[in-house]
Amino acid sequence: MPRRRGQEAAYQQVAQGLRAQIDAGQLLPGMPLPTEPQLEQQFGVSRITVRRAVQILRDEGRVETRHGSGSYVTPPRSRRRLSMQRYADPRPPEAGATIDREFDEVDAEGDVAAALQVQDGTLLLRRRMVQRLNHSPQKISTSYLLADMVAGTPLADPAYEPWEAWTIAQLADLGVKVTAVEESVLGRRPTAEEMQTLTLQGSDPVQSITRRMLAGDRPVEAAVDIVVPADRFFLDYRIDLP
């Protein structure tokens, strides 16, 4: 693929060719790209040229590379809106939504103990969840509840799928009325584990949300790290003034 004056470089032409295949539906979301040798043969270019072309698509968010597996067409990423209203008006999970969950009991310490206003060593239920939409990872959530408050209830049962917006209703079933929710949001770079779980590229930022639910003055739930990709979510808030 010789380059003439005024023509695009070979790697840009390969990138455009792959873009056209993605837009035409020849390469569907989640599908692997052809291998490097296949792309070399298809476009008549060197491996270095192929890699530069794939890097362009990766920088555009059209392609994601999985270590040891190859490059794949990026699934659609929904720009969803998160707002305080979701606590007042919880809704059923979206169509295509699934959740991976791990529950265990841990001792309170550090920031978690401080958020729940309990002594270090107090037994807590930790719930770690990865929420997906049409198989695309959307959110990582790690939250803590007082073990003695939720033991033997649906809140402690991973099979019950306690979606985040439903926690308030589940606590209400236990006679615990949540009267306030506190949140703070920090933009940062993802950890290596977050990058792998959320299929992020190295330049993709995340929003880290810290949350606390209170019943009166008593903290009843703490989420010290809810992590969402910054390019997939809006965080909307309304503040009612007295």
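Q117 is exposed, with a relative accessible area of 55%; exposed means over 50%, buried under 20% and partly exposed in between, using a 1.4 Å probe and protein chains only. The residue belongs to the loop between α5 (110-116) and β5 (123-133), where helices (H or I, at least four residues) and strands (E, at least two) are DSSP runs, numbered from the N terminus. Although Q117 is not a glycine, its phi is positive, at about 55°. For background, most residues other than glycine have a negative phi.

A word on the model helps at this point. This is a predicted model, in which local features need pLDDT of at least 70 and side-chain atom pairs count only at pLDDT 80 or more, while totals for chains, interfaces and linings use all residues. Residues are numbered from 1 along each chain as its sequence is written, and side-chain values use heavy atoms, with hydrogens and water left out.

Three helices can be followed through their mutual packing. The axes of α1 (residues 10-23) and α3 (residues 47-59) come within 8 Å and cross at roughly 55°; axes here are lines fitted to C-alpha atoms, for helices over the stretch in contact, and angles run from 0 to 180 degrees between N-to-C directions. The two helices α1 and α3 are therefore oblique to each other, given that angles under 35 degrees count as roughly parallel, over 145 as roughly antiparallel, 65 to 115 as roughly perpendicular and the rest as oblique. The crossing of α1 past α3 is right-handed, a label used if the near helix is turned clockwise from the far one by less than a right angle, with anticlockwise giving left-handed. On the α1 side, A10, Y11, Q12, V14, A15, L18 and R19 meet T49, R52, A53, I56 and L57 of α3, contact being heavy atoms within 4.5 Å.

Two of these residues deserve a closer look. The charged end of R52 sits over the ring of Y11, 3.8 Å from its centre; the criterion is that NZ of Lys or CZ of Arg is within 6 Å of the ring centre and within 35 degrees of the ring normal.

Helix α2 (residues 36-43) also packs on α3, with axes that come within 9 Å and cross at roughly 100°. That makes α2 roughly perpendicular to α3. Here E36, P37, L39 and E40 from α2 meet R47, V50, R51 and V54 from α3. Between α1 and α2 the packing angle is about 100°, with the axes 11 Å apart, and these helices are therefore roughly perpendicular to each other. V14, G17, L18 and Q21 of α1 make this contact with L39, Q42 and F43 of α2.

Turning to buried positions, S71 lies in strand β2 (residues 70-73) and is buried, with a relative accessible area of 15%. Leaving aside neighbours within four places in sequence, S71 is in contact with M31, P32, L33, V54, R58, V63, E64 and T65. S71 and L214 are 143 residues apart along the chain, and their C-alpha atoms are separated by 45 Å.

S143, in strand β6 (residues 136-146), counts as buried at 3% relative accessibility. Not counting residues up to four places away in sequence, S143 touches L125, R126, R127, R211, E221, A222 and A223.

L198 sits in the loop between α8 (192-197) and β8 (206-215) and, at 0% relative accessibility, counts as buried. With residues up to four places away in sequence not counted, L198 touches P137, Q138, K139, I140, V227, P229 and R232. From L198 to L27 the separation is 171 residues in sequence and 21 Å in space, C-alpha to C-alpha.
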